[in-house]
Every structure is written in C-alpha cells, then in structure tokens.
Amino acid sequence: MAVARARLARRLARRIRGAVVGPPDAGMTTAEYAIGTVAACAFAAILYRVVTSGTVSGALGELLDRALHAV
C-alpha cells in the first residue's frame with residue numbers, strides 16, 4: 001500500500017510541476033514570430049525607401065518606358 005501511495009504522490013508531483021512550470025520552450029515560438037515580424041517590417045521600410053528614391057524611381061521609369069515602346 002505504501003509503494004502505491006508513493007507512486008501516486010510522484011505522479012501527482014510531476015503533473016503539478018508540469019502544469020506550473022510548463023514545457024521548457026514555452027513562449028519561444030511567440031518570440032520568434034515577433035522578431036520575424038519586426039525584421040520583415042524593417043526590410044519592407046528599407047525597400048520602400050530605396051524604391052521611392054529619385055535614382056531608382058527614374059531607372060524603373062526608364063525601364064518601363066523602354067519596355068512599353070519596344071512592343
């Protein structure tokens with residue numbers, strides 16, 4: 001009887017510890033998504049600044065103009 005009670009106590013302690021502490025990587029995926037989202041927004045902002053700059057905008061306009069007049 002004492003062995004069964006000890007086994008039950010160990011199982012109960014493991015369940016409580018698992019519920020309180022949680023898995024070792026709890027929250028890591030959320031942090032990774034947040035960092036990825038911030039990085040994507042920063043890249044989009046830099047790309048927008050580059051594409052809307054005068055030099056790149058003029059080059060893209062010329063390229064589009066040549067493509068339309070070639071047909």
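Buried residues are those with under 20% relative accessible area, and exposed residues are those with over 50%.

**Figure 1. Overall fold of the predicted model.** The structure shown is a predicted model whose secondary structure consists of 3 helices and 0 strands. Read from the N terminus, the order of elements in the protein chain is α-α-α. Of the 71 residues in the protein chain, 0% are buried. The surface exposed by the protein chain comes to about 6,600 Å², and 68% of that area is supplied by carbon and sulfur atoms.

**Figure 2. Confidence along the protein chain.** The protein chain has a mean pLDDT of 84. A value of 70 or more is reached by 85% of its residues. Among the elements of the protein chain, helix 1, spanning residues 2–21, has the lowest confidence, with a mean of 80. Confidence is highest in helix 2, where the mean is 90.

**Figure 3. Nonpolar surface patch.** Seen in this close-up is a nonpolar patch on the surface, with an area of about 660 Å². Its members are Phe43, Ile46, Leu47, Val50, Val51, Leu60 and Leu63. Two elements, helix 2 (28–51) and helix 3 (54–70), each give two or more residues to this patch. The greatest contribution is that of helix 2, which provides 5 residues.

**Figure 4. Phenylalanine 43 in the nonpolar patch.** Phenylalanine 43 is located in helix 2 and is one of the residues that make the nonpolar patch. Phenylalanine 43 is classed as exposed because its relative accessibility is 57%, and the cut-off for that class is over 50%.

**Figure 5. Positive surface patch.** A patch of positive charge on the surface is formed by Arg7, Arg10, Arg11, Arg14, Arg15 and Arg17. One of these residues, Arg14, belongs to helix 1. Helix 1 covers residues 2–21 and is the element in which confidence is lowest.

**Figure 6. Arginine 14 in the positive patch.** This view centres on arginine 14, which is placed in helix 1 and takes part in the positive patch. With a relative accessibility of 51%, arginine 14 therefore counts as exposed, the cut-off being over 50%.

Terms used: Residues are numbered from 1 along each chain as its sequence is written. This is a predicted model: local features need pLDDT of at least 70, side-chain atom pairs count only at pLDDT 80 or more; totals for chains, interfaces and linings use all residues. Side-chain values use heavy atoms; hydrogens and water are left out. Patches are made of residues with over 30% relative accessible area and no salt bridge: like charges are joined within 9 Å, nonpolar side chains (Val, Leu, Ile, Met, Phe, Trp, Tyr) within 5 Å. Accessible areas come from the Shrake-Rupley method with a 1.4 Å probe; for residues, only the protein chains shown count as cover. A salt bridge is a side-chain nitrogen of Lys or Arg within 4 Å of a carboxyl oxygen of Asp or Glu. Helices (H or I, at least four residues) and strands (E, at least two) are DSSP runs, numbered from the N terminus. Buried means under 20% relative accessible area, exposed over 50%, partly exposed in between (1.4 Å probe, protein chains only). pLDDT is the predictor's confidence in each residue, from 0 to 100. Lys and Arg count as positive and Asp and Glu as negative; His and the chain ends are not counted. The place of a charge is taken as NZ of Lys, CZ of Arg, CG of Asp or CD of Glu.
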